[in-house]
Amino acid sequence: MTVALYPGSFDPVTKGHEDLIRRGASLFDSLIIAVAHNPAKPNSLFTPEVRMIMLNESIVKMGLQNVTVTSFTGLTVHFAKSVGADCLIRGLRVISDFEYECSMYQANAKINPHLDTFFMMPSLEFQFLSSRLVRELASHHEPVGTYVSPHVAKALKDIYHT
Ligand code: PNS
């Protein structure tokens with residue numbers, strides 16, 4: 001049984017994340033999505049709890065049976081061990097992602113050389129999509145339905161009254 005851990009901020013989950021979740025769920029026996037909760041960084045738009053609710057709704061809508069959602073504090077590599085994950089999944093979009101992902105991979109590998117990371121490219125239409133872009137568009141009352149599922153668009157609308 002292969003367990004993959006997909007850690008991230010998911011603030012909020014986008015169609016790019018959903019694309020990777022769908023594909024990751026078909027590659028691994030079990031996929032754990034972990035919302036990173038960093039109390040030292042209180043400037044996220046949605047609380048970890050709300051981010052988890054939105055992720056769960058996405059999973060139900062996609063009909064995925066082998067995916068669970070949780071949250072964690074501390075280092076991803078430590079959390080991965082505590083849940084028995086065999087590998088991490090990370091999305092790799094444009095070149096700008098590469099530097100950060102590379103350093104994170106190297107730091108994680110130093111702590112636990114047995115924890116591998118699978119980098120997955122989102123589909124072409126989501127290559128330039130990020131949660132930050134979605135938050136910014138929504139905050140300026142631009143529609144975000146192309147980038148996020150309806151339940152997420154509604155949550156953003158509730159915040160910004162778009
Ligand atoms: O969706 P994001 O913001 O790209 O996710 C980044 C995240 C949360 C996966 C990363 O920052 C992370 O793993 N945070 C937990 C602390 C940690 O393990 N940092 C890396 C040490 S090099």
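**Ligand contacts and salt bridges**

Me: What makes the Arg90 approach to the ligand a polar contact?
Reply: A polar side-chain atom of Arg90 lies 2.8 Å from an oxygen atom of the ligand. A polar contact is a pair of N or O atoms within 3.5 Å (within protein, one must be able to donate a hydrogen and the other to accept it, and residues adjacent in sequence count only if both atoms are side-chain atoms), so the Arg90 pair qualifies. This is a predicted model, in which local features need pLDDT of at least 70 and side-chain atom pairs count only at pLDDT 80 or more, while totals for chains, interfaces and linings use all residues. Residues are numbered from 1 along each chain as its sequence is written, and side-chain values use heavy atoms, with hydrogens and water left out.

Me: Which class counts does the shell around the ligand have, and how are the classes set?
Reply: The shell has six nonpolar, four polar and one charged residues. Ala, Val, Leu, Ile, Met, Phe, Trp, Tyr, Cys and Pro count as nonpolar, Asp, Glu, Lys and Arg as charged, and the others, Gly among them, as polar. Arg90 is one of the residues around the ligand, and as an Arg it counts as charged.

Me: Why is the pair Arg90 and Glu101 called a salt bridge?
Reply: The closest N and O atoms of Arg90 and Glu101 are 2.7 Å apart. A salt bridge is a side-chain nitrogen of Lys or Arg within 4 Å of a carboxyl oxygen of Asp or Glu, so this pair meets the limit. Arg90 sits in strand E4 (residues 87-91) and Glu101 in helix H4 (residues 95-111), 11 residues apart, and the pair links distant parts of the chain. Helices (H or I, at least four residues) and strands (E, at least two) are DSSP runs, numbered from the N terminus.

Me: How do you know whether Arg51 and Asp11 are buried or exposed?
Reply: Relative accessibility is 4% for Arg51 and 5% for Asp11. Buried means under 20% relative accessible area, exposed over 50%, partly exposed in between (1.4 Å probe, protein chains only). Both residues therefore count as buried. Their side chains meet in a salt bridge at 3.9 Å, N to O, and Asp11, Arg51 and Arg135 are linked in a network of salt bridges.

Me: What makes Asp158 partly exposed?
Reply: Asp158 has 45% relative accessibility, so it falls in the middle class. Its salt-bridge partner is Lys154, with the closest N and O atoms 3.0 Å apart. Lys154 and Asp158 both lie in helix H6 (residues 150-160), four residues apart, about one turn of the helix.

Conventions. A residue is near a molecule or strand if one of its heavy atoms lies within 4 Å of it.
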